[in-house]
Amino acid sequence: MKWRSTRWLRWIRMMVMAVLVALAVNQFGVALSVVNGTSMQPTLENGDRLLVNKFSFLFEKPKVGDVITFEDPSQEGRYLVKRVIGTPGDRIEIKNGAVYRNGERINEPYAKCPVEDGDFGPVTVKQGTVFVMGDNRQRFASRDSRYESVGLVPYHLIDGKVELILYRPSLEAFL
């Protein structure tokens, strides 16, 4: 009888350890995320399944060009995915459909059209924050740092860096 109880205890201990490791990996390592909306088109599409590296920003800060996920400042528990356009100290401005960082027009091959929402800024990115925008630059397509509800994104709200599209539902049509 003692043999069976020891076996059950080992099994339970192993299951508890597996759950703890899975929680630690999800909290600090990697996570899966699903794109909901069109603000990052054409880079990301509605329904894309993403691999998010949460470990990435434990030792380094987000860089211009990184695609990140972060908690929506205006709605707890909701996450947004956007591209980092400016880091601390950068001066961001939008005029005549083009984005400027520190007075220089930036090359944005991921954006398929000019910014249609009108001129913005200039705004200087504060320490401990980033300026983010969606890749879809059509009118009202992206709720990002240009809008008061999002604003400059503090580092503590950043969840991780998008590393990989694991699955794209729109590709099923081609299979």
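**Figure 1. Long-range contacts and overall architecture of the predicted model.** Among contacts in the protein with a separation of 6 or more, 62% are accounted for by residues 24 or more positions apart. The structure shown is a predicted model. The protein has 2 helices and 11 strands, and these elements follow one another along the sequence in the pattern α-β-β-α-β-β-β-β-β-β-β-β-β. Of its 175 residues, 38% count as buried. The accessible surface amounts to about 10,900 Å², and carbon and sulfur atoms contribute 57% of that surface.

**Figure 2. Nonpolar surface patch that includes W8.** The residues W8, W11, I12, M14 and M15 together make a nonpolar patch of about 560 Å² on the surface. One of these patch residues, W8, is found in helix α1, which spans residues 2-28. The relative accessibility of W8 is 54%, so W8 counts as exposed, the threshold for that class being over 50%.

**Figure 3. Surroundings of R168 after strand β11.** R168 is placed in the segment that comes after β11 (158-167). Its relative accessible area is 19%, and R168 is therefore classed as buried, since the class requires a value under 20%. Two polar partners of the R168 side chain are shown. The backbone oxygen of T43 is reached at 3.0 Å by the side chain of R168, while the side chain of D48 is joined to that of R168 by a polar contact of 2.7 Å. With neighbours within four places in sequence left aside, the residues in contact with R168 are P42, T43, L44, E45 and D48. Both T43 and D48 thus appear in this set of contacts.

**Figure 4. Surroundings of R143 in the loop between β9 and β10.** The loop that holds R143 runs between β9 (129-133) and β10 (153-154). R143 counts as partly exposed because its relative accessibility is 28%, a value between the limits of 20% for buried and 50% for exposed residues. Leaving aside neighbours within four places in sequence, R143 is in contact with D72, S74, R78, L80, K82, S149 and V150. Of these contacts, D72 lies 71 residues from R143 along the chain, and the C-alpha atoms of R143 and D72 are separated by 10.0 Å. Another residue of the set, S74, takes part in a polar contact of 3.4 Å, formed between its side chain and the side chain of R143.

Terms used
Residues are numbered from 1 along each chain as its sequence is written. This is a predicted model: local features need pLDDT of at least 70, side-chain atom pairs count only at pLDDT 80 or more; totals for chains, interfaces and linings use all residues. Side-chain values use heavy atoms; hydrogens and water are left out. Patches are made of residues with over 30% relative accessible area and no salt bridge: like charges are joined within 9 Å, nonpolar side chains (Val, Leu, Ile, Met, Phe, Trp, Tyr) within 5 Å. Accessible areas come from the Shrake-Rupley method with a 1.4 Å probe; for residues, only the protein chains shown count as cover. A salt bridge is a side-chain nitrogen of Lys or Arg within 4 Å of a carboxyl oxygen of Asp or Glu. Helices (H or I, at least four residues) and strands (E, at least two) are DSSP runs, numbered from the N terminus. Buried means under 20% relative accessible area, exposed over 50%, partly exposed in between (1.4 Å probe, protein chains only). A polar contact is a pair of N or O atoms within 3.5 Å; within protein, one must be able to donate a hydrogen and the other to accept it, and residues adjacent in sequence count only if both atoms are side-chain atoms. Contact means heavy atoms within 4.5 Å.
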